[in-house]
Each structure stands twice: as structure tokens, then as C-alpha cells.
Amino acid sequence: MRLTPTEGTRQLDDYMLGLLAPRDAVLARMESEIEREEVPGIGPHVGQLLALLLTTSGCREVLELGTAIGYSGIWLARGSTGRVTTLETDPARARRARANFAEAGLGDRVDVVQEEAMAYLERGGEPVDAIFNDLLNSFPGEETVDRCFELSLGRLRPGGLLLADNALGRGRVIAGDSRPARNIDRYNRLVAADPHLESVIIPIRDGLSLARLRLM
Ligand SMILES: C[S@@+](CC[C@H](N)C(=O)[O-])C[C@H]1O[C@@H](n2cnc3c(N)ncnc32)[C@H](O)[C@@H]1O
């Protein structure tokens with residue numbers, strides 16, 4: 001049987017989902033809420049991948065740009081050993097995320113900061129081992145993408161991971177016919193061209209950009 005790409009992708013997604021380890025009660029509840037309420041969340045494939053990447057690279061401190069209700073933050077915290085700082089402008093989402101982190105037993109390791117991400121980054125701060133950028137669809141334009149990229153590189157420890165969700169922009173990144181698509185394309189090109197990074201886009205769900213800051 002020949003499958004169209006969409007059918008094939010959906011069936012492969014279901015197949016992979018059947019092989020993922022069951023999530024605990026907190027993540028399972030959040031997955032239902034994400035589906036029912038259409039709040040954003042990376043889903044279990046990307047979540048598992050992030051946790052594995054952080055664990056295998058021995059990540060301690062993590063910075064996340066874009067919390068929503070804390071779904072990805074739980075995976076990030078479980079893959080790392082130090083503090084996770086996660087930024088969210090929406091006060092109701094920030095409150096919900098704090099409650100979810102507490103229920104997951106991570107309340108003492110995760111700081112939900114209710115602040116605009118660029119304002120936070122502009123102030124500078126301690127270096128981190130990984131940055132997960134989940135704002136490529138939200139940024140107002142390419143200048144913000146550029147500045148965010150620059151500030152993120154400045155915050156990463158050598159050997160640290162620079163990660164971003166939605167690197168394939170639901171396929172629209174090729175046409176570049178919307179603001180989010182142009183933001184994503186800009187980000188992907190910055191990552192690919194930077195000699196300090198080694199990188200790849202993993203075509204899982206909507207694409208995960210994975211880059212590592214070289215040691216020298
Ligand atoms: C894609 S969602 C994050 C999803 C989350 N990472 C997850 O997978 O569970 C992006 C979130 O960032 C928030 N946001 C948008 N622009 C922001 C900004 N400039 N600074 C901080 N948060 C922002 C939105 O309110 C939204 O909840």
C-alpha cells in the first residue's frame with residue numbers, strides 16, 4: 001500500500017507513540033489538557049528527546065524561553081540536575097505551570113519567571129548548560145530572532161546545547177510566506193552558519209533544532 005506523506009506521517013506518529021514509555025499521571029493529565037484546551041505543548045516525542053539529550057550531555061542549569069503550562073519544563077527538569085528557569089508572559093499560564101511543577105515534585109528546582117524573554121535575556125546572568133527556545137513562532141520579527149540568538153549564545157557554557165522547537169514550521173519554512181516561517185528560517189540559517197556551533201535539525205513532530213556550542 002502506498003501512503004501519501006500526510007497519512008504516512010500520521011501512521012508513523014501513532015506507531016512511535018505506541019512504543020513510547022507511558023507518561024506519569026502529571027504528564028498524562030497535561031497531555032489531555034493540551035489536546036482539549038489547545039494550549040501549547042511539545043508532546044511526548046520531543047519531550048522524551050529533550051530529556052535524553054540533556055541527560056546524555058550531563059546538563060545542570062537550563063533556561064527555557066516559553067513555559068505555557070509547564071509540559072516541556074517537566075521533561076527539561078527531569079533530564080537535568082540543576083535549576084530550570086522558564087519564562088512566560090501570561091500570568092494565568094505561569095500560575096498553572098507553577099502548580100504543575102509542584103505536583104510533579106519539581107517545585108523546588110524550577111523557577112517560573114513571569115517576564116518577557118528578551119527583557120530577561122538583555123539583563124544577562126549566569127551561564128547555563130542548555131537553552132530551549134520555544135518562541136520562534138511568537139517573536140515579532142527577524143531582528144528579535146537575531147538578538148535572541150546572540151544573547152542565547154552569550155549565555156551558554158562551552159559544550160552547552162542550544163535547542164529550539166518548530167524548526168520546520170509545519171513545512172511553511174520553505175515558502176517563508178508568514179512571519180513565523182520567516183523567523184524560523186532566519187533562526188535555522190543563523191544556527192547553520194555559526195562556526196561556534198555544530199548542529200542538525202531533527203525532523204521529529206514539527207522539527208527540533210539541536211546545536212552544541214563547541215568547546216573552543
Ligand atoms: C509555544 S508556547 C510554550 C510551550 C511549552 N514550551 C511546552 O512545550 O510545554 C510559548 C509560550 O510563550 C509565551 N510567550 C510568548 N511570547 C513570549 C515572550 N516574548 N516572552 C515570554 N513568554 C512568551 C506564550 O504565552 C506561550 O505560553
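**Salt bridges**

I started by looking up the salt bridges, and this predicted model holds 20 of them. I then picked out three to follow one at a time.

My pick to begin with was Arg96 with Glu37, where the closest N and O atoms are 2.9 Å apart. I checked where the partners sit: Arg96 belongs to helix α5 and Glu37 to helix α2, so this pair links distant parts of the chain, 59 residues apart. Are these two buried or exposed? Arg96 has a relative accessible area of 28%, which makes it partly exposed. Glu37 is partly exposed too, at 38%.

I also found that this pair belongs to a network of salt bridges, which links Arg29, Glu33, Arg36, Glu37, Arg96 and Glu103.

Next I looked at Asp129, which forms a salt bridge with Arg60; here the closest N and O atoms are 3.7 Å apart. Asp129 is in strand β4 (residues 128-133), while Arg60 is in the loop between α3 (43-56) and β1 (62-65), so the salt bridge ties together parts that are 69 residues apart in sequence. I noted that Asp129 is buried, with 9% relative accessibility. Arg60, at 42%, is partly exposed.

My last pick was Asp111 with Arg83, whose closest N and O atoms are 3.0 Å apart. Asp111 sits in strand β3 and Arg83 in the loop between α4 and β2, and the pair links these distant parts across 28 residues. I read 31% relative accessibility for Asp111, which is partly exposed, and 35% for Arg83, which is partly exposed as well.

**Helix α5**

Arg96 made me curious about its helix, so I turned to α5. This helix covers residues 91-103, which is 13 residues. From its first C-alpha to its last I get 19 Å, close to the 18 Å expected.

Which residues of α5 are buried? I found Ala94, Ala97, Asn100 and Phe101. Looking down the axis of α5, I saw that its buried residues fall within an arc of 125 degrees, so they line one face of the helix. On the other side, Arg95 and Ala102 are exposed.

I wanted to know what covers the buried residues of α5, and the list includes α2 (25-37), α4 (71-79), β2 (84-87) and β3 (110-113).

Then I checked both ends. Asp90 caps the N-terminal end of α5, with a side-chain oxygen 2.9 Å from the backbone nitrogen of Ala92. Just after the helix comes Gly105, which takes a positive phi of about 75 degrees.

**Strands β2 and β3**

Both strands had turned up in the cover of α5, so I looked at them together. They pair in the parallel sense, over four bridges. Which residue of β3 stands opposite Val84? I found Val110 there.

I sorted β3 by its faces: Val110 and Val112 are on the covered one, while Asp111 and Val113 are on the uncovered one. I had met Asp111 already, as the salt-bridge partner of Arg83.

**Helix α7**

To end the page, I checked another helix, α7, which runs over residues 142-155. At 1.5 Å a residue, its 14 residues should span 20 Å, and the end C-alpha atoms are 20 Å apart, which agrees. I listed its buried residues as well: Thr144, Val145, Cys148, Phe149, Leu151, Ser152, Leu153 and Arg155.

Notes
Residues are numbered from 1 along each chain as its sequence is written. This is a predicted model: local features need pLDDT of at least 70, side-chain atom pairs count only at pLDDT 80 or more; totals for chains, interfaces and linings use all residues. Side-chain values use heavy atoms; hydrogens and water are left out. Helices (H or I, at least four residues) and strands (E, at least two) are DSSP runs, numbered from the N terminus. The expected span of a helix is 1.5 Å times one less than its number of residues. Buried means under 20% relative accessible area, exposed over 50%, partly exposed in between (1.4 Å probe, protein chains only). The arc is that of the directions from the helix axis to the C-beta atoms. Contact means heavy atoms within 4.5 Å. A polar contact is a pair of N or O atoms within 3.5 Å; within protein, one must be able to donate a hydrogen and the other to accept it, and residues adjacent in sequence count only if both atoms are side-chain atoms. A salt bridge is a side-chain nitrogen of Lys or Arg within 4 Å of a carboxyl oxygen of Asp or Glu. Two strands pair if DSSP finds at least two bridges between them.
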